[in-house]
Amino acid sequence: MTVTVIGGGPAGMIAAITAAKNGHKVTLLEKTDKLGKKLALTGGGRCNLTNTTDIDGFFRNITTNSEFLYTAFYTFDNQTLMAFFEQLNVPLKVENSRVFPKSDKATDIVAALETELKRLNVKIQLNSPVTDVSAIQNLLTAKNAVIVATGGISHPQTGSAGDGYNWAKQLGHTCTPLKPALVPLRGRLADKSTADLAGVTLENVTVKIIRKNTENTEKSKNKSKNKSKNKAEKFHTKTGNLLFTHNGISGPAVLDISKYFSANIAVFIDLLPNITAQNLEKELLAIFAKNPNKTVANVLDKLLPKKIIPFILDNPTEKINGFSKAARLALLAKIKNLEFTATGTAGAKAAMITAGGINVTEINPQTMESKIVPNLYFAGEILDTDALTGGFNLQIAFSTGVLAGLLGKT
């Protein structure tokens, strides 16, 4: 069979490799001048390939349509992926269960895939955009298959402009709403700009998004029995590192909950999640008792980074011996529930992945083939499935790419 793969990212490249290994004649079309442009940016340029957790750990970290990925993960799991790159002479290392190339260079991963494509005589056509869905329709015959691996809308500067979604719709598929995910949030901390905190990392904090449930508000406006329902809140929390930027917050704890951003959310940060408010108060009182003549700001650095202190104290020059109980309780509340006023996300240009995509109920999970159009396959970010940080999204790309490249021969 002749196979055309559209998209030279991780899913597309490994799909082409898999199809070629199985004896098919393969052409890989990439719209830009280079393969793996987005892949080269992943992990801050280090490329967090996958994770060493077990299979159940993978499914726990998939936040959308994890059950759809069963066959893909069992066909090409993390251990198989690591062995694949080791065989391509890319030594790997593990950092807190996250897998990287030993060189810390994502470009080594891209180069290895490109070398393998060439070894297998895959015809690589750069600067070859598919401009119309008719080009795909013309390729789809009983002896020709097309694998669409064009990515999502994240990092559009690398070629991911959402083309594949439009083609899929024209071919009869539906797509769930698209939004940036694993993306920094913009806004203000305690009503102050975060510019002075840019570059500061808070370790092991808990970030909580509270989203008010406004469904059926109009219908229940005059129904008192539904008042409590309308006030219900949905929580999404993540504990990890938080990084301040010039205009907001980033870091793993933020990225992992960013896809839940909407106009109806509030964001709070627990600066010391490993201690209860009650025990924190006891610790503060003990510190205050030993330092009655010092300012509150001067002793808080025993608990918190110095740069964050002005954001939680209304009067940094106030002395402990004049610090009221009400002020102490307000301080405790800010340490445990510091509000970040989110005004938006950093957008698709800064997003690692896309949430939403082609409706997976229209895709055969055993093969990645369309249930609507024969010999049409999809792989990678274009599908409506996504995960937390830690290498899980790249594993999705590689696993679905391999499954698509098998063309139903699992």
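The paragraphs below lead through a predicted model of one protein chain, from its overall dimensions to its strands, selected residues and enclosed spaces.

Taken along the principal axes, the C-alpha atoms of the protein chain fill a box of roughly 85 × 60 × 35 Å. Within the chain there are 13 helices and 18 strands, and of its 410 residues 52% count as buried. The area that the protein chain exposes comes to about 18,500 Å², of which carbon and sulfur atoms supply 50%. If one considers contacts between residues at least 6 apart in sequence, 76% of them join residues at least 24 apart.

A convenient place to begin is the N-terminal part of the chain. Strand β1, which covers residues 2–6, is joined to β2 by five bridges, and the two strands run parallel; in this pairing I6 stands opposite L29 of β2. Strand β2 spans residues 25–29, and because four of its five residues are buried, it is largely enclosed by the rest of the structure.

Helix α1, made up of residues 10–21, contains M13. This methionine, M13, has a relative accessible area of 0% and is therefore buried, the cut-off being under 20%. Leaving aside the neighbours of M13 within four places in sequence, the residues in contact with M13 are G7, G8, L28, L35, G36, L39, L113 and L117. Of these contacts, L28 falls within the residue range of β2, which ties the surroundings of the helix to the strand described above. M13 can also be set against a residue far along the chain, since M13 and S399 are 386 residues apart in sequence and their C-alpha atoms are 12 Å apart in space.

Further along, the strands β11, β12 and β13 can be read as a series. Strand β11 (residues 201–212) and strand β12 (residues 233–245) run antiparallel and are joined by ten bridges, with V205 having G240 as its bridge partner in β12. Strand β12 in turn pairs with β13 (residues 248–250) in the antiparallel sense, over three bridges, and here T245 stands opposite G248 of β13. The connection from β12 to β13 is a hairpin through two residues.

The residue G187, in strand β10 (residues 185–189), leads back to this hairpin. Discounting residues up to four places away in sequence, G187 touches T194, N247, G248, F340, T341, A342 and T343, and G248 is the residue of β13 that stands opposite T245. The C-alpha atoms of G187 and H246 are separated by 9.6 Å, although the two residues are 59 apart along the chain. With a relative accessibility of 10%, G187 counts as buried, because the limit for that class is under 20%.

Two asparagines deserve attention for their backbone geometry. N127 has a positive phi of about 50 degrees although it is not a glycine, and N375 likewise is not a glycine but has a positive phi of about 65 degrees. N127 lies in the loop between β7 (123–125) and α6 (133–139), whereas N375 lies in the loop between β16 (353–355) and β17 (376–378). Their surroundings can be described in opposite terms: N127 has 51% relative accessibility and so counts as exposed, for which the threshold is over 50%, while N375, with a relative accessible area of 14%, is buried.

The last topic is the space within and around the protein atoms. A search of the whole structure finds one cavity of 30 Å³ or more, and the largest cavity holds about 50 Å³ of space. Its lining is formed by T63, A181, L182, L255, D256, S258, K259, Y260, D386, A387 and L388, which by class amount to six nonpolar, two polar and three charged residues.

The second largest pocket, by contrast an open space, has a volume of about 170 Å³. It is lined by 14 residues, of which E203, N204, V205, L271 and L272 are the closest to its centre; V205 has already appeared as the β11 partner of G240 in β12. The lining of this second largest pocket divides into ten nonpolar, three polar and one charged residue.

Definitions and conventions
Residues are numbered from 1 along each chain as its sequence is written. This is a predicted model: local features need pLDDT of at least 70, side-chain atom pairs count only at pLDDT 80 or more; totals for chains, interfaces and linings use all residues. Side-chain values use heavy atoms; hydrogens and water are left out. On a 1 Å grid over the protein atoms alone, a cavity is a set of points where a 1.4 Å probe fits but cannot get out, and a pocket is an open set with protein on both sides within 12 Å along at least five of seven lines; lining residues have an atom within 4 Å of a point. Grid points are joined across faces, edges and corners, and a volume is the space filled by probe spheres set on the points. Ala, Val, Leu, Ile, Met, Phe, Trp, Tyr, Cys and Pro count as nonpolar, Asp, Glu, Lys and Arg as charged, and the others, Gly among them, as polar. Buried means under 20% relative accessible area, exposed over 50%, partly exposed in between (1.4 Å probe, protein chains only). Contact means heavy atoms within 4.5 Å. Accessible areas come from the Shrake-Rupley method with a 1.4 Å probe; for residues, only the protein chains shown count as cover. Two strands pair if DSSP finds at least two bridges between them.
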